[in-house]
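Work through the exercises below with the sequence and coordinates open. Try each task before reading its solution.

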Amino acid sequence: MRIVNAMKWAAATLLTFCSLASFANSGVAFIHGTGHQTDAYNDYWTGDFIHSVMQNQANPNRYVVINCDFEQYMWDSRASGCLAEQLTAFIQSNNITSLYAITHSNGGNVVRWIMSNPTWDSRYPNIISKLRNVTALAPSSAGTPLADAVISGNVFESILGWILGYKSDAVRMQQVSWMAYYNQNYLYGTSGRPGLPKTFKSVVGSDVDSAIWDGDSYCGGYQYQVALETTQNWLDNCSDGFLECSSQGAAGYVWFKDKSRTKGSEPLSHHQSRRDCFNLDSILRNDI
Amino acid sequence: MKHHNMKKTAAALLVAFSVASVGAQAEVQLPAKAFQPAMSYSFALQGEQSLAVEAQKVETQSNEYWVTVGANELKAGVDIFTSQAGALIKISRSDSQTTALEPQSLKLFAAADLSNNIAGKVLGEQDLKTTGIFANATAIKMDKAIAPGQFKLQYEGALSKNAQFVIHVKEKGSIKQLHLATAKQHAIKGDNLTFSANMLSGQKTLNLKQVDAFIMSPSGKKIAVPAKRMANGTTQFDATEVTANLTQVEAPINGLYELHVNTVAEDKGLSVLRTGKIAFALAEQTATIARQLKQPISPFKPQANFELAINEPGRYEIRGTLYGHDQNGELKPIMETHAAKHFDSGKGILNMEFDRKLLIKSDLAAPFVIKNVRLYDQTRMSRL
């Protein structure tokens with residue numbers, strides 16, 4: 001009799017789970033990193049990557065590719081405000097109840113701003129409530145010495161503003177001691193700070209493979225790989241050419257370090273962690 | 001989580017908002033704070049979760065230095081000092097008018113032999129541009145076979161006479177590091193604000209032959225800061241007075257202030273040059289918490305009320321941690337709650353509403369206590 005009851009309970013639980021799952025309206029958001037994007041689908045992620053990630057989903061078209069001005073500080077309306085607006089529109093128009101966010105680089109900071117500062121903007125709480133998971137690809141959670149290197153010493157004239165090269169407010173914000181301040185006072189999820197209200201898990205890129213004889217160097221474009229290796233002068237030995245591993249793993253928890261899951265145990269450079277390189281796309285697909 | 005509804009959407013109310021004290025700086029755009037509704041939001045906390053809400057010591061290390069030079073200096077030759085082999089020298093254009101340097105016209109000579117160019121491969125602007133971060137820059141990676149010491153960097157091509165460049169010398173892996181530290185990264189104008197600098201070679205402290213420091217404001221204004229050499233080799237910088245005397249504080253919504261320190265030390269016959277910097281927020285005391293209104297926190301309608309004394313109109317936020325008692329009578333954290341509302345000048349009450357579902361779920365009992373109370377100015381993005 002006990003066995004029968006246990007089986008009935010298990011069946012009922014399974015049915016409940018299945019029906020809840022079918023009621024959940026899942027959607028995916030692709031959130032870019034530093035830069036002012038107007039066509040992130042083609043210019044930042046590529047259609048190949050997005051289609052591969054969305055392949056086999058219940059509704060492979062239920063995704064949004066964010067296009068915002070992430071040259072601004074994360075709290076600026078053109079950054080987090082724009083992100084909130086586009087996520088809210090996606091949630092409302094598709095009746096999303098379970099949002100899986102994929103961020104790259106500084107996009108992780110902008111999402112963390114929303115998750116950590118819910119009273120900043122009246123749209124934030126609804127977005128947080130719908131978020132199921134944030135998968136942060138190579139997030140710059142503790143900044144990067146490269147941001148210091150590009151900003152340092154340059155004469156910052158208020159008249160000029162940030163019109164030179166890559167010296168934007170977003171780059172300025174990602175200097176190491178700046179991010180230490182924001183993590184300590186405005187952002188949650190780093191060591192010793194309150195946790196984030198929803199899962200924030202990072203994928204860490206740990207090396208740059210730029211040997212000219214190695215075909216793997218070409219995934220995502222060879223010229224990027226060569227250039228990335230020159231930036232290693234400012235980074236420690238575990239980095240993706242743009243961010244040190246310690247920064248990528250500073251917030252939330254480390255889901256995996258590239259070589260532990262990628263095809264052929266290949267590393268993911270900062271450029272490759274937003275491309276369909278070494279099965280990253282299928283790893284994400286299977287997690288959604 | 002409690003979210004007061006408001007018919008107008010925030011999207012419709014987005015306006016360009018410029019904080020009054022920023023002068024000519026680029027405008028930061030914010031949601032129209034005056035039109036944002038009053039809100040409270042709670043985060044569940046896990047058992048013994050550490051909150052680290054108090055200021056923590058921050059330290060930076062540098063094994064690099066940078067200097068700004070003009071066109072005439074670069075054409076005449078700029079002295080470069082390295083303390084280990086294999087340094088990287090990056091030359092950035094710091095104005096938009098200057099044309100790119102031609103890699104073949106950039107020369108590097110040992111100070112003792114100005115006839116032999118040892119620059120080797122020079123990375124041009126196109127090479128560095130593909131990094132996605134180094135625009136308008138040219139670089140020389142010095143050969144590891146060349147011993148450290150004094151060099152001369154010279155440009156033999158044409159330059160406009162007003163051109164300016166930043167020369168950045170990076171010695172990756174060098175144990176000769178300038179350490180900067182501060183006990184806190186945020187200060188209210190008039191607060192004690194001190195920093196310390198220490199040049200180390202491994203465990204050994206190097207005596208500084210030269211040191212100077214300045215504060216750079218978010219809009220680029222420089223303010224000299226006095227340095228005081230201590231007997232143990234450390235240098236102290238007290239920025240309390242210079243920041244207290246500022247006629248206008250640039251609000252953190254526009255970025256952070258930075259202390260910049262330039263140093264020169266000698267070690268085994270080599271000059272060791274280092275530049276370091278550390279960021280901090282400086283704010284005006286735009287409001288204070290006058291008091292928490294005395295009332296027990298009810299498990300049926302859990303809330304706390306704070307009276308604020310507002311000096312500047314704006315949207316203010318209080319953050320705090322709600323604690324309850326476990327079966328052994330020990331206090332345990334339940335939730336972190338934020339509450340925000342717009343206020344005009346004068347006195348006002350900010351109501352913090354706790355999430356009752358989280359309270360029930362915690363299984364912790366009254367009396368409930370709120371701790372770690374912090375006040376934030378959302379309009380100027382200051383921690384008060």
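**Exercise 1. Find what the buried residues of α3(A) pack against, and decide whether they share a face.**

Step 1. Take the packing partners. In this predicted model, the buried residues of α3(A) pack against four elements of chain A: β1 (26-31), α2 (40-45), β2 (63-65) and α12 (280-287).

Step 2. List the residues concerned. Helix α3 spans residues 47-54 of chain A, and its buried residues are Phe49(A), Ile50(A) and Val53(A).

Step 3. Look down the axis. The buried residues of α3(A) fall within an arc of 95 degrees, so they line one face of the helix. The general rule fits here: an α-helix has 3.6 residues a turn, so residues three or four places apart point the same way.

Step 4. Turn to the other side. Gly47(A) and Asp48(A) are exposed, on the face of α3(A) turned away from its buried side.

Step 5. Check what follows the helix. Asn56(A) comes after α3(A) and has a positive phi, near 70 degrees.

**Exercise 2. Describe the largest nonpolar core and the surroundings of Leu83(A).**

Step 1. Size the core. The largest nonpolar core holds 140 residues. Those with the most contacts inside it include Phe30(A), Leu83(A), Ile89(B) and Leu259(B).

Step 2. Find the top contributor. Strand β22 (residues 270-283) of chain B gives the most to this core: eight residues.

Step 3. Expand around Leu83(A). Leave aside neighbours within four places in sequence. Leu83(A) is then in contact with Ile31(A), Ile66(A), Cys68(A), Val110(A) and Ile114(A).

Step 4. Look for another core. A second, separate core has 24 residues, among them Ile334(B), Met335(B), Ala339(B) and Leu364(B).

**Exercise 3. Decide whether Tyr155(B) is buried or exposed, and name the residues it touches.**

Step 1. Locate the residue. Tyr155(B) lies in strand β11 (residues 150-155) of chain B.

Step 2. Apply the cut-off. A residue is buried if 20 or more other C-beta atoms lie within 10 Å of its own. Tyr155(B) has 22, so Tyr155(B) is buried.

Step 3. List the contacts. Not counting residues up to four places away in sequence, Tyr155(B) touches Leu74(B), Lys75(B), Leu101(B), Ser105(B) and Leu106(B).

Step 4. Compare sequence and space for one pair. Tyr155(B) and Lys75(B) are 80 residues apart along the chain, yet their C-alpha atoms are separated by 5.0 Å.

**Exercise 4. Work out how β26(B) is covered and which strands pair with it.**

Step 1. Count the burial. Strand β26 (residues 331-343) of chain B is mostly covered, with ten of its 13 residues buried.

Step 2. Take one pairing. Strand β2 (residues 39-44) of chain B runs antiparallel to β26(B), over six bridges. Within this register, Tyr41(B) has His338(B) as its bridge partner.

Step 3. Take another. Strand β25 (residues 314-325) of chain B pairs with β26(B) in the antiparallel sense, over twelve bridges. Here Tyr323(B) stands opposite Pro333(B).

Step 4. Inspect the turn. The hairpin of β25(B) and β26(B) has five residues between the strands, and Gly329(B) takes a positive phi near 80 degrees.

**Exercise 5. State how far chain B and the model can be read with confidence.**

Step 1. Start with the chain. Chain B has a mean pLDDT of 87, and 88% of its residues reach 70 or more.

Step 2. Flag the exception. Residues 1-26 of chain B have pLDDT below 50, and beyond near neighbours in sequence this stretch has 56 contacts in the model.

Step 3. Add the global scores. The model has ipTM 0.88 and pTM 0.89.

Notes:
Residues numbered from 1 in each chain as written. Chains lettered and ligands numbered in written order. Predicted model: local features only at pLDDT ≥ 70, side-chain atom pairs only at ≥ 80, totals over all residues. Buried ≥ 20, exposed ≤ 12 C-beta atoms within 10 Å, placed from the backbone. Helix = DSSP H or I, 4+ residues; strand = E, 2+ residues; numbered from the N terminus. Arc of directions from axis to C-beta. Contact = placed C-beta atoms within 7 Å. Core = buried A, V, L, I, M, F, W, Y, C linked by C-beta atoms within 7 Å. Pairing = 2+ DSSP bridges. pLDDT = per-residue confidence, 0-100.
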